[in-house]
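I opened the notebook today to go through one sheet strand by strand and to check how far the model can be trusted. Here is what I looked up, in the order I went.

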Amino acid sequence: MLLNSKASPIYLPEPDQRSVLRLGLKRLDPRQWLIRDADFGEFYRNKLIAAETLADKVYRALPGSEPAQQELRALILDHLVRDHGGHYRVEQNRLVCLPAEISFPLDGQSQTQSLYHSTLWQASLWVQEDLCILEPQDGTFVLTAASVCAPSNWKLEEKIGCSLDQIHSPVPGYGRELSMRVNRLFNSLKSAKPLFRYNWSVQSTPELLWRESSAPADEPDTDNGQRYWRVERQTLRRLPMTGAVIFGIRIFIHSFADLQRFPRFATSIETLLEKLPSSQRRYKGLDRL
């Protein structure tokens, strides 16, 4: 499904950025953990279509992950009703998304005509974010369950059951520059102090579910010359009971043409081309601009 975000850009290029190997984390108000806007319907339909066409390529859960799934579901439900009460309410054992006029059963029944009966999958339909559960195992964190229907060119079936280092192995220089910092961050994250950051890439279509290849530089030859600024709003939140860390990913996509109204956009992209190492430019899809 294609997305042309109705909301204004949440993040634009930083002209002083010299590397993609940075955490850039900021403290997150828990009331703003998950965000809701006019694009809810597009994300909801994308998840249903992805489930029907790709099945376990967009949702997986390992045995033993159910306690963390249950804790996450309860936290999401409380957050939506308490912090987004203008958009959600509970009526007769159903969660109602008011603007979209969609309701979700809260009695454990699957929302889709599929094999998806998982707690996490059902809860993921309530929100626009993709959701990943990483649980502590043997001194690191392992991806044990995830609903990822709008991946930024990575494949869930290759990441499930993997550690943080294995998940990030395609990122140029990650093992050398970020591995220790990220593992330390996950171990020290406090449940009452969630964090967020922005990640970005450039793609040739406004496709939400981006799984074309293993690297953005390898896009098909049907490239029509258009470019889109894809931003991930990434959140990290620890579950207090199971100790799992929830990685939330919310996508925004705007065309380069639309972003020309922001005076610094074009010049910032040019600066990134000059400053980023060639391997990072390829990884971010900038080498074909």
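Before pairing anything, I fixed my term: two strands count as paired if DSSP finds at least two bridges between them. I also kept in mind that this is a predicted model.

**Entry 1: confidence.** I began with the pLDDT. The protein has a mean of 88, and 90% of its residues reach 70 or more. Which elements mark the two ends of the range? Helix α10 (residues 278-284) has the lowest mean pLDDT among the elements, at 77, while strand β10 (residues 245-255) has the highest, at 98.

**Entry 2: stretches to leave alone.** I found that pLDDT stays under 50 over residues 110-115, and that the model has eleven contacts beyond four places in sequence for them. Residues 213-221 are also below 50 in pLDDT, with 22 contacts beyond near neighbours in sequence. Where pLDDT is low, predicted coordinates should not be read in detail, so I did not read into those contacts.

**Entry 3: the sheet.** Next I looked up the strand order. The sheet is open and has three strands, ordered β3-β4-β5, with antiparallel pairing. I noted β3 and β5 as the edge strands, since each pairs on one side only. Ignoring direction, neighbouring strands here are turned by 25° against each other on average.

**Entry 4: β3 with β4.** How many bridges join this pair? I found four, between β3 (residues 88-91) and β4 (residues 94-97), in the antiparallel sense. Going down to residues, I saw E91 opposite R94 in β4, and V90 opposite L95 in β4. The hairpin of β3 and β4 has two residues between the strands, and Q92 takes a positive phi near 50° there.

**Entry 5: β4 with β5.** I then followed β4 to its other partner. Strand β5 (residues 102-105) runs antiparallel to β4 and is joined to β4 by four bridges. R94 came up again, this time opposite P105 in β5. This hairpin has four residues between its strands, and in the turn E101 has a positive phi of about 55°.

**Entry 6: helices on the sheet.** Last, I checked what packs here. Helix α1 (residues 40-54) lies across β3, β4 and β5, running at about 45° to β5. Helix α2 (residues 66-83) also packs on the sheet, where it touches β3 and β4, and its direction makes about 110° with that of β3.

Terms used:
Residues numbered from 1 in each chain as written. Predicted model: local features only at pLDDT ≥ 70, side-chain atom pairs only at ≥ 80, totals over all residues. Heavy atoms only, no water. pLDDT = per-residue confidence, 0-100. Contact = heavy atoms within 4.5 Å. Axes fitted to C-alpha atoms, helices over the stretch in contact; angles between N-to-C directions.
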